[in-house]
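Trainee: I would like a close look at a single part of this protein. Please take the salt bridges and the residues that form them, and then go on to a few other places in the chain.

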Amino acid sequence: MKLISALLFYLFFFGNLESKKIFNAKEFYLDNGLRVIVVENKRAPVLSQMIWYNFGSGVERKGQSGLAHFMEHLMFKGTSNFPKNYYSNFISRVGGSENAFTSYDYTAYFQIFPSQHTEKIIEMEADRMKNIILDKDLVETEKLVILEERYQRIDSDPSSILDESMKSILFPNDYYGRPIIGWKSEIENLSYENVIDFYKKNYGPNNAVLILSGDIDLDSAKSLTKKYYGAIDRVDDTKKHTTQNPLMKTSVFVEHSNKDIRQSIWKKLYRTKSYTDSIIDGIALDIGLKILMGGSSSLLYDKLVNDKKIFSMVGGFYQGLSKGDGYIYVYAIPIQEITPRKINNLLNDEIKSSINNITKEMIEIEKKKYIHNSVYRMDGILKPSEIIGEAISVGLELDDIENWNQNLKRIDMKMVKDSLTKFYNNKDFVIGNLIN
């Protein structure tokens, strides 16, 4: 009887989940353009605050790569109202946590903390939107920190060096082709004046989305955000992504050698459409690639790793959350020495045959995984802010996110196979090889 009850609950819950909104988020705007989204979750007295600025490295001027990431670091240096490390120390003192990150299309800052401190933390986040205090010595000191970060993350990592080169070739006319952290020579030349100008021009309420997720109600969110953000002036809106990349009319192969490499790695990076072009096409491609190469249960892994034992690892994924083009990343680690061309041919042949072997059952399994993920997304404190913020920052709407499972229900086998056929025929790619 208990088993039957559990099964009925499962079918009822997940059957209804497909037709419900994922987060049931509410939103409003302040007069100065700040967009505020509230996801109520009162299971625990905890709140996450996450502010997404709808610009990242994409708004940097030519020759000033790394400036958005540089500014992210400097946002933690204090204001006249809350000097030096006051903000970070306060969060730590009340048992909270914080972090920030910069991408091509957005910059985000977040805190997780006991909800009794909500007003104070909203006040401090609003304050640093316009009142950061910097001096030239501090900027120069932080520049050294960033140069060391670049060395640790890229210059001392052969795989990252190869990825950086491949992206610069695949996106020749686009900011997606330059590193978010910046080119070393350009970081070295960034000045105090560059930083201040960037801050004043870009950090403003109409360039931001504030997401409050957890123990808060809509009325409190309206009152507090108006109180602390309402008087901040607008800035010029960040320009939308309009860059077009030329078609790749030649085969491009990049190789990077390093004496510390013990195992060669083959990579292939494709330029493709993003979710902002079509959510349906993006979901179909994502599901198809998960079946083909999404981990140890995928078709390519089973055939080329488990069965034929040509590779010790093979996989890939789709990144479609971007204002402009998205990309597909494919990798393989050969067990024995194989030429890059032969690896490419082996994978192409296997992709082509595997597309024909995809069944309706495989697609339904992946769709169920999407539904299950919705449960985890609803239950967390920070996760709703991360998912909603990233999607909105690249140009999707709140309804697109809330009704993601409705779009998922429309995906059928023809859509998935059509998306994978386009992937197979995609000529906009760069091949890279990492060797000893």
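Mentor: What follows starts with confidence, turns to the salt bridges, and ends with a helix, a strand and some loops.

The model is predicted, so its confidence values come first. The mean pLDDT of the protein is 92, and 94% of the residues reach 70 or more. Residues 1-19 stand apart from that picture, with pLDDT under 50 throughout. For this stretch the model has 16 contacts beyond four places in sequence. Where pLDDT is low, predicted coordinates should not be read in detail.

Now the salt bridges. The structure holds 26 of them, and three pairs can be looked at one by one.

In one pair, the side chains of Arg150 and Asp155 meet, with 3.0 Å from N to O. Arg150 has a relative accessible area of 4%. The cut-off for a buried residue is under 20%, so Arg150 counts as buried. Asp155, at 29%, is partly exposed.

Another pair joins Lys259 to Asp260, where the closest N and O atoms are 3.4 Å apart. Lys259 has a relative accessibility of 67%. Exposed means over 50%, so Lys259 is classed as exposed.

A further pair is made by Lys369 and Glu366, whose side chains meet at 3.4 Å from N to O. Both residues belong to helix H13, which covers residues 360-379. Along this helix Lys369 and Glu366 are three residues apart, about one turn. Lys369 is partly exposed, with 40% relative accessibility, whereas Glu366 is buried, with 9%. Elsewhere, Glu27, Arg35 and Glu397 are joined into one network by salt bridges that share partners.

Next comes helix H14, made of residues 383-393. H14 is mostly covered, as nine of its 11 residues are buried. Among the buried residues of H14 are Pro384, Ile387, Glu390 and Ser393. After H14 comes Gly395, which has a positive phi, near 120°.

Positive phi values also turn up in residues other than glycine. Asn24 has a phi of about 55° and is not a glycine. Its place is the loop between helix H1 (2-17) and strand E1 (26-29). With a relative accessibility of 48%, Asn24 is partly exposed. Lys309 is another non-glycine residue with a positive phi, near 55°. The loop that holds Lys309 runs between helix H11 (299-307) and strand E9 (311-319). Lys309 is exposed, with a relative accessibility of 56%.

A strand residue gives a view of contacts. Asn433 is part of strand E11, residues 429-435, and is buried at 8% relative accessibility. Setting aside neighbours within four places in sequence, Asn433 is in contact with residues that include Leu162, Phe253, Glu255, Trp266 and Pro340. His256 and Ile265 are also among the contacts of Asn433.

Last, consider Gly63, in the loop between strand E3 (46-53) and helix H2 (67-74). Gly63 is partly exposed, with a relative accessible area of 37%. Gly63 and Ser185 are 122 residues apart along the chain, yet their C-alpha atoms are separated by 9.2 Å.

Methods
Residues are numbered from 1 along each chain as its sequence is written. This is a predicted model: local features need pLDDT of at least 70, side-chain atom pairs count only at pLDDT 80 or more; totals for chains, interfaces and linings use all residues. Side-chain values use heavy atoms; hydrogens and water are left out. pLDDT is the predictor's confidence in each residue, from 0 to 100. Contact means heavy atoms within 4.5 Å. Buried means under 20% relative accessible area, exposed over 50%, partly exposed in between (1.4 Å probe, protein chains only). Helices (H or I, at least four residues) and strands (E, at least two) are DSSP runs, numbered from the N terminus. A salt bridge is a side-chain nitrogen of Lys or Arg within 4 Å of a carboxyl oxygen of Asp or Glu.
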